[in-house]
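Please open the model in a viewer and keep the selection panel at hand. The stops below are meant to be followed in order.

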Amino acid sequence: VQLVESGGGLVQAGGSLRLSCAASRRTLKTRAMGWFRQAPGKDRDFVAAYDWNNGDTFYDDSVKGRFTISPNDALNTLYLQMNSLEPDDTAVYYCAAGEGLTAAEGWYDYWGQGTQVTVSS
């Protein structure tokens with residue numbers, strides 16, 4: 001399974017971006033897809049995740065109300081709509097796929113290459 005992210009870029013604080021994660025295929029081991037991010041000098045953190053089987057979503061508290069996950073089942077693509085962006089959202093954003101809806105990155109077996117999001121103040 002290959003994951004390809006796109007949609008990163010530079011935006012001013014308060015602006016919006018939409019990230020995309022396209023999966024080459026979906027299997028039983030990729031029922032969940034999630035987004036993680038890693039800021040410079042920091043650990044990689046969970047952002048949000050989606051379960052393809054039942055439509056459940058799961059967000060980190062830091063992005064609730066600002067970020068929204070949406071799927072395109074026909075394209076095997078997951079979107080992350082990011083609104084009201086803040087400088088603290090600056091990071092490399094990674095897409096991941098795994099067997100369960102969880103914030104624990106160890107449960108995700110497949111990872112994309114990452115896309116840079118930079119929010120200027």
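Strands in this tour are DSSP runs of E, at least two residues long, numbered from the N terminus. By that numbering, Ser-84 lies in the loop between S8 and S9. The model is a predicted one.

**Stop 1: two loop residues**

Select Ser-84 first and inspect its backbone: phi is near 50 degrees, a positive value in a residue other than glycine. Ser-84 counts as partly exposed, because its relative accessibility is 42% and that class runs between 20% and 50%.

Next, select Asn-76, which is found in the loop between S7 and S8. Its phi is also near 50 degrees, again positive in a residue that is not glycine. Is Asn-76 buried or exposed? Its relative accessibility is 18%, so Asn-76 counts as buried, the limit being under 20%.

**Stop 2: the largest nonpolar core**

Now select Met-33, Trp-35, Leu-80, Met-82 and Tyr-93. These residues have the most contacts inside the largest nonpolar core, which has 27 residues. Strands that each supply at least two residues of this core include S3 (17-23), S4 (32-38), S5 (44-51) and S7 (67-72). S8 (77-82), S9 (91-98) and S11 (115-120) do so as well.

A second core, separate from the largest one, has five residues. Among them are Phe-36, Phe-46, Ala-96 and Tyr-108.

Return to Tyr-93 and display its surroundings. Beyond its neighbours within four places in sequence, its contacts include Leu-19, Trp-35, Val-47, Phe-67, Leu-80, Met-82 and Val-117. Glu-5 and Arg-37 are also among the residues that Tyr-93 contacts.

**Stop 3: strand S11 and its partners**

Show the side chains of S11. Which of them are buried? Thr-115, Val-117 and Val-119 point to one face and are buried, whereas Gln-116, Thr-118 and Ser-120 point to the other face and are not.

Add strand S2 (residues 9-12), which pairs with S11 in the parallel sense over four bridges. Within this pairing, select Val-11 together with its bridge partner, Val-119. Then add S9, whose pairing with S11 is antiparallel and runs over three bridges. Here Val-92 has Gln-116 as its bridge partner in S11.

**Stop 4: the disulfide**

How many disulfides does a search of the whole structure find? The search finds one. Select Cys-21 and Cys-95, whose sulfur atoms are 1.9 Å apart. The link between Cys-21 and Cys-95 is left-handed, with -75 degrees about the S-S bond. It joins distant parts of the chain, with Cys-21 in strand S3 and Cys-95 in strand S9, 74 residues apart. Both cysteines, Cys-21 and Cys-95, are buried.

**Stop 5: Tyr-110**

Move to strand S10 (residues 108-111), where Tyr-110 is found. Tyr-110 is partly exposed, with a relative accessible area of 24%. Apart from its neighbours within four places in sequence, Tyr-110 is in contact with Val-1, Leu-3, Lys-29, Thr-30, Cys-95, Ala-96 and Ala-97. Lys-29 is 81 residues away along the chain, and the C-alpha atoms of Tyr-110 and Lys-29 are separated by 9.2 Å.

**Stop 6: the largest pocket**

Finish at the largest pocket, with a volume of about 170 Å³. To outline it, select its lining residues, including Arg-37, Gln-38, Asp-45, Phe-46, Asp-60, Asp-88 and Thr-90. The elements that give two or more residues to this lining are S4 and S5.

Key: Residues are numbered from 1 along each chain as its sequence is written. This is a predicted model: local features need pLDDT of at least 70, side-chain atom pairs count only at pLDDT 80 or more; totals for chains, interfaces and linings use all residues. Side-chain values use heavy atoms; hydrogens and water are left out. A nonpolar core is a set of buried Ala, Val, Leu, Ile, Met, Phe, Trp, Tyr and Cys residues joined through side-chain atoms within 4.5 Å. Buried means under 20% relative accessible area, exposed over 50%, partly exposed in between (1.4 Å probe, protein chains only). Contact means heavy atoms within 4.5 Å. Two strands pair if DSSP finds at least two bridges between them. A disulfide is a pair of cysteine sulfur atoms within 2.5 Å. On a 1 Å grid over the protein atoms alone, a cavity is a set of points where a 1.4 Å probe fits but cannot get out, and a pocket is an open set with protein on both sides within 12 Å along at least five of seven lines; lining residues have an atom within 4 Å of a point. Grid points are joined across faces, edges and corners, and a volume is the space filled by probe spheres set on the points.
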